[in-house]
Amino acid sequence: MPELPEVEVVRRGLDRHVIGRTITAVRVHHPRAVRRHDAGPADLTARLLDTTITGTGRRGKYLWLTLGPDAALVVHLGMSGQMLLGPVPNENHLRIATLLDDGTTMSFVDQRTFGGWVIADMVTVDGTPVPVPVAHIARDPLDPLFDREAVVKVLRGKHSEIKRQLLDQTVVSGIGNIYADEALWRAKVNGARRASALSRPKLRELLDAAAAVMTDALGQGGTSFDALYVNVNGESGYFDRSLDAYGRAGEPCRRCGAVMRRDKFMNRSSFYCPRCQPRPRT
DNA sequence: TAATCAACCTGCTAGC
DNA sequence: TGCTAGCAGGTTGATT
């Protein structure tokens with residue numbers, strides 16, 4: 001599932017190939033892929049045609065292609081979105097296709113249709129220009145301007161579970177279910193503990209763990225459990241071989257040897273070590 | 001205001 | 001063999 005490292009891999013791939021390229025053709029194959037573009041598919045198509053891509057950007061799981069100084073094409077990969085340059089292996093899930101002026105096709109493929117494209121104006125938030133749909137998203141741990149102490153302060157004021165807060169993109173962005181479990185394992189924190197009950201040093205350790213695990217994943221091209229996450233060339237990452245928590249229920253903890261557990265949490269799975277990460281007393 | 005939860009969606013797997 | 005239910009999970013809007 002695309003989280004921050006996977007989205008960054010895609011952004012870097014696009015950055016190498018599409019800057020300076022002009023879009024010469026657009027076809028929206030599935031209207032749901034542009035459902036957040038209020039003006040509709042025809043408007044999105046018209047606004048992209050003959051437009052030159054001037055840069056790329058990312059915050060958390062959102063990435064965008066800047067279309068001059070005032071607008072951007074915002075892309076969210078959802079759970080299964082892919083930005084592909086070149087041939088599309090399986091057109092069953094092709095949602096949007098574009099042609100660039102060098103003859104390259106740039107396609108949006110999305111099996112589960114949670115992702116999408118939207119063209120938006122740029123606004124400046126805390127000194128950084130971002131597209132409007134991204135304005136409410138907090139900085140991610142790999143952002144050079146990420147303010148760890150400010151996030152610790154926010155978390156200290158939250159009375160719900162720490163994992164819920166890690167997944168809240170308005171608190172800290174880029175973290176999804178996989179990296180939340182990995183960061184919690186590294187920091188030896190159970191995700192069911194209340195954020196406000198954790199000490200400031202432990203919260204710092206947790207945020208540092210989140211940054212570290214995502215940096216490690218980025219170095220290995222991201223995590224991939226199946227063909228749903230690929231880079232712009234259709235290749236999968238390798239970080240799933242390095243996961244310490246996610247998907248390891250029933251296997252021994254790599255730190256203490258206890259049998260890893262899986263609990264249901266927020267309609268999804270949480271993987272943790274019952275010895276290193278004991279559940280809070282109810 | 002903060003916290004919680006359902007809905008969206010499709011492909012795969014397990015169970016019957 | 002075919003059907004059904006459950007599961008995966010990011011985001012948003014509704015509800016508590």
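A residue counts as near a DNA strand here if its C-beta atom, placed from the backbone, lies within 6 Å of that strand. Keep that in mind while looking at this predicted model.

With that cut-off, DNA strand C has 16 residues around it. K61, G176, N177, R268 and S269 are the closest of them. What about DNA strand B? Its surroundings are R32, N92, Q111, R112, T113, K158, H159, S160 and R164.

Here's how the two surfaces break down by class:

| Surface near | Nonpolar | Polar | Charged |
|---|---|---|---|
| DNA strand C | five residues | seven residues | four residues |
| DNA strand B | no residues | five residues | four residues |

So much for the DNA; now the sheet. How are its strands ordered? Four of them make an open sheet, running 1-6-7-5, with antiparallel pairing. Strand 1 (23–28) and strand 5 (81–85) sit at the edges, each pairing on one side only. From one strand to the next, the twist averages 15°.

Zooming in on one pair, strand 6 (residues 94–100) and strand 7 (residues 105–110) are joined by five bridges, in the antiparallel sense. If you want a spot to click on, try A97: its bridge partner in strand 7 is S107.

There's a helix to look at here too. Helix 2 (residues 41–48) lies across strand 1 and strand 6. Its direction makes an angle of about 170° with strand 1, which is one of the edge strands of the sheet.

Notes
Residues are numbered from 1 along each chain as its sequence is written. Chains are lettered from A and ligands numbered from 1 in the order in which they are written. This is a predicted model: local features need pLDDT of at least 70, side-chain atom pairs count only at pLDDT 80 or more; totals for chains, interfaces and linings use all residues. Ala, Val, Leu, Ile, Met, Phe, Trp, Tyr, Cys and Pro count as nonpolar, Asp, Glu, Lys and Arg as charged, and the others, Gly among them, as polar. Two strands pair if DSSP finds at least two bridges between them. Helices (H or I, at least four residues) and strands (E, at least two) are DSSP runs, numbered from the N terminus. Axes are lines fitted to C-alpha atoms, for helices over the stretch in contact, and angles run from 0 to 180 degrees between N-to-C directions. Two residues are in contact if their C-beta atoms, placed from the backbone, lie within 7 Å.
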